[in-house]
Amino acid sequence: MTKNIDKTFMEAYQDLVAATNNITKQTTSIDESMKLFDQGMKDAELCNKMLDEAEQKIEVFNSDEE
């Protein structure tokens, strides 16, 4: 798995979905579920950060046009 900083939004989102799917499997151990949860939280934070940055850029762009 790549480091969070090197991930695109879609990579982080896909990893988050995969972690969610794996956590819900009955064959996943508690230890593995906790690791997946921790990584999923990091991916969710990264996605939120990227979305916030995109929103700020859009706001700047829209204010420049007015």
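This report describes the helices, buried contacts, salt bridges and surface patch of a predicted model.

**Helix 2 and its packing**

Helix 2 covers residues 30-65, and at 1.5 Å a residue its 36 residues should span 52 Å, which agrees with the 52 Å that separates its end C-alpha atoms. The buried residues of this helix are Ser33, Leu36, Gly40, Asp43, Leu46 and Cys47, and they pack against helix 1, which is formed by residues 9-23.

Which residues does alanine 12 contact, leaving aside its neighbours within four places in sequence? Alanine 12, which lies in helix 1, is in contact with Lys7, Asp43, Leu46 and Cys47. Of these partners, Asp43, Leu46 and Cys47 are among the buried residues of helix 2. Alanine 12 itself has a relative accessibility of 0% and therefore counts as buried. Its C-alpha atom is separated by 8.5 Å from that of glycine 40, although the two residues are 28 residues apart along the chain.

**Salt bridges**

Side chains of opposite charge can pair when their charged atoms come close. In this model the count comes to 3 salt bridges, which are set out below with the N to O distance of each.

| Salt bridge | N to O distance |
|---|---|
| Lysine 7 and aspartate 15 | 2.7 Å |
| Lysine 7 and aspartate 43 | 2.7 Å |
| Lysine 49 and glutamate 53 | 3.9 Å |

Lysine 7 takes part in a salt bridge with aspartate 15 and also in one with aspartate 43. Because lysine 7 lies in the segment before helix 1 whereas aspartate 43 lies in helix 2, the latter pair ties together parts that are 36 residues apart in sequence. How accessible are the residues of these two bridges? Lysine 7 is buried, with a relative accessible area of 3%, and aspartate 43, at 1% relative accessibility, counts as buried too, while aspartate 15 is partly exposed, with a relative accessible area of 25%.

The bridge between lysine 49 and glutamate 53 is formed within helix 2, where the two residues are 4 residues apart, about one turn of the helix. Glutamate 53 is partly exposed, with a relative accessible area of 37%. Salt bridges that share partners join Lys7, Asp15 and Asp43 into one network. Two members of this network, Lys7 and Asp43, are also contacts of alanine 12.

**Aromatic pair in helix 1**

The count of aromatic pairs in the model comes to 1. This pair is made by phenylalanine 9 and tyrosine 13, whose rings are stacked, with 6.4 Å from centre to centre and 10 degrees between the planes. Both residues lie in helix 1, 4 residues apart, about one turn of the helix. Phenylalanine 9 counts as partly exposed at 28% relative accessibility, and tyrosine 13 is likewise partly exposed, with a relative accessible area of 41%.

**Nonpolar surface patch**

On the surface, Ile23, Ile30, Met34, Phe37 and Met41 make a nonpolar patch of about 490 Å². Helix 2 gives the most to this patch, contributing 4 residues. One of the patch residues, methionine 41, has its place in helix 2 and is partly exposed, with a relative accessible area of 39%. Helix 2 thus contributes to the nonpolar patch, while its buried residues pack against helix 1.

Methods. Residues numbered from 1 in each chain as written. Predicted model: local features only at pLDDT ≥ 70, side-chain atom pairs only at ≥ 80, totals over all residues. Heavy atoms only, no water. Expected span 1.5 Å × (residues − 1). Buried < 20%, exposed > 50% of the residue type's maximum accessible area, 1.4 Å probe, protein only. Contact = heavy atoms within 4.5 Å. Patch = residues over 30% accessible without salt bridge, like charges linked within 9 Å, V, L, I, M, F, W, Y side chains within 5 Å. Areas by Shrake-Rupley, 256 points an atom, 1.4 Å probe, with all protein chains shown as cover. Salt bridge = Lys/Arg side-chain N within 4 Å of Asp/Glu carboxyl O. Phe/Tyr/Trp six-rings, centres within 6.5 Å; stacked < 30°, edge-to-face > 60°.
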